[in-house]
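Work through the charged side chains of this chain. Each exercise sets a task and then solves it in steps.

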Amino acid sequence: MRIHPFQALACPLDGDVLHKSGNTWRCAAGHSFDIARQGYVHLLPVQNKRSRDPGDSKAMVAARRRFLEAGHYRPIAEAVGRAVLAEASDDDTLRCLDAGCGEGYYLRRLVETATEAERENAQAPGEALALSLLGVDISKWAVLAAAKRQEAATWVVGTNAHLPVQAGWLDRVLCLFGFPVYPEFARVLKPGGELVMVEAGPDHLRELREIIYPSLKPPREGGEAVPEGFTRRPGEALRFAIELGDAESIADLLAMTPHLHRASAEGREKVSALTSLALTVDVRLTRLVRK
């Protein structure tokens, strides 16, 4: 598997091209951003922060890492990998952004999926697909954790609302359980590039929600409109069961979901008393192509 450095960063202050020199990214206007010793770069201006320490906390990132590395969501990662690599050409570099990358699990799994496909097809190194990977997250703790685990990708503290990426550069954008900003995704994708999204379905983690909420909201009816600038490709529905066999795994799941803050104290107390929990995973994978 060939991994090429990501070279298409843009200055978060003026949108100009950033060039890497040593351990610094710099634009023509002289704005410079140092690469931290852990391997990531901070491209989130103060004016774009909504709080002093935005995004997931250090504890939430650690919980997500433990839960994902246990393999509970591996079928989702495999489906994302298939979607990203579908129709990819070995003649060019596939440039992929994970927008809201968290601690980097899905990009790491993408590399593993591409490597496994290369082995199955018995490709010579020169014939193998090349990847150029970028992970962006607003949480510095998430990006720090990602950079520690995967040096091949470029990791950036930034925001989906103002992606520090040059226009029309990307072949794929991932938005997995995140907050899509369609105009920005359309701006950074090439024509024909693809947005791959994973969103919760109506029964996703239903058993957990039934414990922490007095009642569940009815699912939304009807299909969603295709965002401006995109066309829809056939997606995929994923539904499978998982079993959490200890209190720590259940606590990690709750900590990595929005339910941690939405649940009442009584709901959180009920969850903390559990030592096992059978759950339904119900998600939809959506593929949108940039016109």
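The exercises below deal with salt bridges and with one charged residue that lacks them.

This is a predicted model, in which local features need pLDDT of at least 70, side-chain atom pairs count only at pLDDT 80 or more, and totals for chains, interfaces and linings use all residues. Residues are numbered from 1 along each chain as its sequence is written, and side-chain values use heavy atoms, with hydrogens and water left out.

**Exercise 1. Find how many salt bridges the model has.**

Solution. Start with the rule: a side-chain nitrogen of Lys or Arg must lie within 4 Å of a carboxyl oxygen of Asp or Glu. Apply it, and the count is 19 salt bridges.

**Exercise 2. Place the partners of the salt bridge between Arg149 and Glu69.**

Solution. Take the distance: N to O is 3.7 Å. Next, locate the residues. Arg149 is in helix α4 (residues 140–149) and Glu69 in helix α1 (residues 58–69). Helices here are DSSP runs of H or I with at least four residues, strands are E runs of at least two, and both are numbered from the N terminus. The pair is 80 residues apart and links distant parts of the chain. Last, check exposure. Buried means under 20% relative accessible area, exposed over 50%, and partly exposed in between (1.4 Å probe, protein chains only). Arg149 has 41% and is partly exposed. Glu69, at 37%, is also partly exposed.

**Exercise 3. Describe two salt bridges formed inside helices.**

Solution. Begin with Arg109 and Glu112, joined at 2.2 Å, N to O. Both sit in helix α3 (residues 105–120), three residues apart, about one turn. Arg109 is buried at 5%, while Glu112 is partly exposed at 38%.

Move on to Glu184 and Arg187. Their closest N and O atoms are 2.8 Å apart. They are three residues apart in helix α5 (residues 182–188), so about one helical turn separates them. Glu184 is buried at 12%; Arg187 is partly exposed at 31%. Elsewhere, salt bridges with shared partners join Asp203, Arg206, Glu210, Arg239 and Asp282 into one network.

**Exercise 4. Which side chain of opposite charge is nearest to Arg95?**

Solution. Locate Arg95 in strand β6 (residues 93–99). Assign charges: Lys and Arg are positive, Asp and Glu negative, with His and the chain ends not counted. The nearest opposite charge is Asp92, 4.3 Å away. Arg95 is buried yet has no salt bridge. Finally, list contacts (heavy atoms within 4.5 Å). Beyond its neighbours within four places in sequence, Arg95 touches Ser132, Trp169, Leu170, Asp171, Arg172 and Lys190.
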